[in-house]
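Student: I would like to go through this model and ask why its labels are what they are. Could we take it one step at a time?

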Amino acid sequence: MKKAILKVIDNFELYICYVTLVVSLVVLFVQVVLRYVFDNATSWSEEVGRYCLIWLIFLGTSFAVKNEAHIRIDAALLIWPKKIRPIILEIGDGIWFLFNLLMVYVSTFYTKEIFSMGSIAPGLKIPIGYIYAAIPLGFLLMDIRMVQVKCGKLKGFLEKRRNGKEDEG
């Protein structure tokens, strides 16, 4: 049971991305069929597709961080000597981490404002704040995954170093 819960937590973003992608594709497919085959369309289906894609993007970025599949500008690294490049990468990751924290703060404030204004999605009749909540959650999850990746690398480095010293003695 514990392993199953840990697996769900570890792959949380992936599962949500699967669900949002499938829901988006199914709803938009049904919308196209209704519009072009039956000459009738729903008012809410385009909103569902759009909102699912918003959540997919913000949670997908966290999944990319976890798998170290995010985009980097590697060409900027090439101007530095090879010995300094790992340090530059860590500095860049630190700046990125702080930027994510800033975005969590700013987008949380903005999302609270959206909720307090009472904006409602016209087709779905739900508060727009639920859609905007993807932004702070996505940035927060990115930072959490960055910490997990860094801790995993540090653990691997320390184990390798410890095993290397044991082999020498």
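Tutor: Gladly! Keep in mind that this is a predicted model. A good place to begin is a cluster in which ring pairs join Phe58, Phe99 and Phe139.

Student: What makes Phe58 and Phe139 a ring pair, and why is the pair called tilted?

Tutor: Their ring centres lie 6.2 Å apart, and rings pair if the centres are within 6.5 Å. The planes meet at 55°. Stacked needs under 30 degrees and edge-to-face needs over 60, so an angle of 55° leaves tilted.

Student: Why is the pair of Phe99 and Phe139 called edge-to-face?

Tutor: Here the planes stand at 80°. The cut-off for edge-to-face is over 60 degrees, so the label fits. The centres of Phe99 and Phe139 are 6.1 Å apart, which again falls within 6.5 Å.

Student: How do you know that this pair links distant parts of the chain?

Tutor: Phe99 sits in helix 4 (residues 85-117) and Phe139 in helix 6, with their positions 40 residues apart in the chain. For the tilted pair, Phe58 belongs to helix 3 and Phe139 to helix 6 (residues 134-168), 81 residues apart.

Student: Are the rings of the cluster buried or exposed, and what makes them so?

Tutor: Let us take them in turn. Phe139 has a relative accessible area of 11%, and buried means under 20%, so Phe139 is buried. Phe58 comes to 22%, between 20% and 50%, so Phe58 counts as partly exposed. Phe99, at 42%, falls in that range too and is therefore partly exposed.

Student: Why is Ser62 called buried?

Tutor: Its relative accessible area is 0%, and the limit is under 20%, so Ser62 qualifies. Ser62 is part of helix 3 (residues 45-66).

Student: Which residues does Ser62 touch?

Tutor: Leaving out residues up to four places away in sequence, Ser62 touches Glu13, Gly138, Leu141, Met142 and Arg145.

Student: And Thr111 in helix 4: what makes Thr111 count as buried or exposed?

Tutor: The value for Thr111 is 7% relative accessibility. That is under 20%, so Thr111 counts as buried.

Student: How far apart are the C-alpha atoms of Thr111 and Gly129?

Tutor: They are separated by 5.6 Å, while the two residues are 18 residues apart along the chain. Gly129 is also one of the residues that Thr111 touches, together with Tyr132, Ala133 and Pro136, again not counting residues up to four places away in sequence.

Methods:
Residues are numbered from 1 along each chain as its sequence is written. This is a predicted model: local features need pLDDT of at least 70, side-chain atom pairs count only at pLDDT 80 or more; totals for chains, interfaces and linings use all residues. Side-chain values use heavy atoms; hydrogens and water are left out. Helices (H or I, at least four residues) and strands (E, at least two) are DSSP runs, numbered from the N terminus. Buried means under 20% relative accessible area, exposed over 50%, partly exposed in between (1.4 Å probe, protein chains only). Contact means heavy atoms within 4.5 Å. Rings of Phe, Tyr and Trp (its six-membered ring) pair if their centres lie within 6.5 Å; planes under 30 degrees apart count as stacked, over 60 as edge-to-face and the rest as tilted.
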